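Here is a short tour of some strands and the way they pair up. Keep the structure open beside you as you read.

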Amino acid sequence: MMPPLSRWSRTGAALVALSVPALPAVLPAQARAATADTVALTEWDVPWGAATRPRDPSVDPQGRVWFVGQEGNYVARFDPKTKKFERFEIDPGTNPHTVNVDPTGDAWYAGNRNGMIGRIDGKTGKITRYPMPEAAAKDPHTITFTPKGDLWFTLQNSNMVGFLDKQSGAVKVIPMPTPRSRPYGIVLDKSGRPWFNLFGTNKLGTIDPTSLRVREYVLPDERARGRRIALTTDGAVWYGDYSRGYVGRLDPVSGAVKEWPLPGGGTSMPYAMTVDDADRLWLVETGRQPNRLVAFDPRSNSFVAQIDLGPAVPNTVRHMVFDKTTRSIWFGSDRGTIGRAAVPAPGRKPIG
């Protein structure tokens, strides 16, 4: 069991030891030097306030971190080198749920309350709008990219998954076969199939990109509710069970499922989730205050890190991404911060 943080600062760094043997790596400089077996935490206050709900960061080719203010109705960019924030004004009533930056540096955001996908040119700031093709597709949610730069995205309450062809601008939406299944987190596998949580039921889903056929995988416990999703290099599909407090693994070939209880137990409410380049799964337990970042190692089938995110005040970390270049996990918090967890290298190859 990891001890609580001995030091934390919204604009400084907290250093927390991993519960694994020393992991040789050199981390970027922090407020205090990070040793080889620590995770360094740093958070920056967003200048527009916690009530704007800064969330869902994405890192562009220049290392700048884009994020949205869902309740503040903006898209923004943070430069970790200069510590400066830049705000992009968007259409009133957009209330973006997420932003994701493509390999060219353009930022794509989901208009969660006005039924559109927006693209901000990373060089000029010009906005291009892509409305949904039908009125029933109301709430674009989370975005992932194909290698060609096309978009797959979820529409939670519309019970659909969408596809946007970047070259033509055409949008297709695919209804889910299970009513009120609530497509949520989404990732893309090596064969080009999107995988997504069906948060309203005990299922995960995928779509054949050619036929657009939907396939659902039923999780063994009817109370299971996967909220975010990740893939390891061996092709396994991982999810955080928000309802029951588990991390789960789906074998997409056999359909077999294995699960492990989170350190926080049944009330841990795992929400944000990502995977690093050593195939360690990182999840945030949001059912406790402070929220806690935990790491699961699929080699040992054990949790190898437990790290408090800030002080014991109301907070929810909803989404995060791993940036391989800087070995950093980026997240937004309901406390009004953009945060970074610098992750040490494990000194081994991925499992795939």
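## A strand and its partners

How many bridges join strand E11 to E12, and do they run parallel or antiparallel? In this predicted model, E11 (residues 140-145) is joined to E12 by 4 bridges, and the two run antiparallel. To find the pairing by eye, look for Phe145, whose bridge partner in E12 is Leu151. The two strands make a hairpin with 5 residues between them, and Gly149 in that turn has a positive phi of about 95°.

On to strand E13 (residues 160-164), which is linked to E12 by 5 bridges, again with an antiparallel run. Here Leu155 stands opposite Met160 in E13. This hairpin has 4 residues between the strands, and Asn159 takes a positive phi near 60°.

## Both faces of E12

Strand E12 covers residues 151-155, and 5 of its 5 residues are buried. In a regular strand, side chains alternate between the two faces of the sheet. Leu151, Phe153 and Leu155 point one way from E12, while Trp152 and Thr154 point the other way. Residues on either side are buried.

## An open sheet further along

Now turn to a sheet of 4 strands, which is open and follows the order E19-E20-E21-E22 with antiparallel pairing. Its edges are strand E19 (226-231) and strand E22 (257-261), each of which pairs on one side only. From one strand to the next, the twist averages 25°.

Within this sheet, E19 pairs with strand E20 (residues 237-241) over 4 bridges in the antiparallel sense. A handy landmark is Ile229, which stands opposite Tyr239 in E20.

Notes
Residues numbered from 1 in each chain as written. Predicted model: local features only at pLDDT ≥ 70, side-chain atom pairs only at ≥ 80, totals over all residues. Heavy atoms only, no water. Pairing = 2+ DSSP bridges. Axes fitted to C-alpha atoms, helices over the stretch in contact; angles between N-to-C directions. Buried < 20%, exposed > 50% of the residue type's maximum accessible area, 1.4 Å probe, protein only.
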